[in-house]
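Biologist: Hi! Could you walk me through the empty spaces in this protein?
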Amino acid sequence: MAVFGMAMGLIVFDIIMRLVMIEKKTAAQYKPVEEVTPANGFYGTFTSGQDAGDEHTNDPTSPVKGQQEPDRAPLLPDPSKASARKKSRVPTILVLLGMPRLLAAIYGIFVNVSVLAAFDGVLPLYVKRVFGWDSLHAGLIFLCLAVPALTGPLVGKLSDKVGPRWIAVAGCSLTAPPLVLLRLVAHDSMEQKALLCGLLVCCGFTLILIVSPVAADLSAVVEEKEKADPDAFGPGGAYAQAFALFNCAMAAATLFGPVFAGALIEAYGWEVMTTAMGAFAFSGAIPAMKFFYTGGWIFTKKT
């Protein structure tokens, strides 16, 4: 009951914080408008090279210097603007799904969450069967995965400095070996328990290398697309929809991970499951490394 009470409390707190949050567009409505005074002090009535006693002001037919011409807007719309509006009719979600770099980021987080969710589904049952642990001990084993995640800010700083590509590649590639080596945990002994904890700690440190780079790259790819084509997403932008796809990938991974790992361990055993999860983790490096999507095309010159 205490566990569900804590979860419900966090959900209620999250709802309250979302309700009191002020959106940027809403806050802009209450921002005071600053009055701009021209440098020449005439508020646009006269130009700097013209005074109130100019002889041209006496002639109503002569144009005043600095006065704007009448509006000569064309009757027909600009074809370029019309094509831009037609282009913006494509649903933003389809535009996002057609961007390989964004798909690489989504697949990276899918791999990360799938591995973590797989541990949630199979690890407690496995340690209970092999070590005879109860719920408390099985829960404490997840500290080996959670504590390394506290290094996330350091990973984010490193990703901002060197770029997200190779950090994400390293995270996916280095996660595979400890996952495969988990197959060595097969019987009850102190050495086996220490081996399990050590390999899980390694997984925790490598998995955190994936999250920060792909999340940052998700924002970067949307920003670069808007700079290259301002009409691609419309006036509202596409950050919310991009992160919605990100959350959808996480939700799908939460379902996929336990089902995939559970089916493998039931059909083929612990050894095959850990090997398959290691190969699956390594597959996350392929979009970033082979096709050079994460962080942009590798041969693009930085300006």
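Modeller: Happy to; here is a short chat about a pocket and a cavity.

Modeller: Some ground rules first: this is a predicted model, where local features need pLDDT of at least 70, side-chain atom pairs count only at pLDDT 80 or more, and totals for chains, interfaces and linings use all residues. Residues are numbered from 1 along each chain as its sequence is written, and side-chain values use heavy atoms, with hydrogens and water left out.

Biologist: Which residues line the second largest pocket?

Modeller: G121, V122, L125, Y126, R129, G262, I265 and E266. A pocket is an open set of points on a 1 Å grid over the protein atoms alone, with protein on both sides within 12 Å along at least five of seven lines, and lining residues have an atom within 4 Å of a point.

Biologist: Which helix gives the largest share of that lining?

Modeller: That's α5, with five residues. Both α5 (100–131) and α11 (239–267) supply at least two; helices are DSSP runs (H or I, at least four residues), numbered from the N terminus.

Biologist: New topic: how many cavities of 30 Å³ or more are there?

Modeller: Two, searching the whole structure. In a cavity, a 1.4 Å probe fits but cannot get out.

Biologist: And what is the volume of the largest cavity?

Modeller: About 50 Å³, taking volume as the space filled by probe spheres set on the grid points, which are joined across faces, edges and corners.

Biologist: What lines the largest cavity?

Modeller: Residues including F119, L179, W270 and M277. Here α5 and α12 (270–283) each supply at least two.
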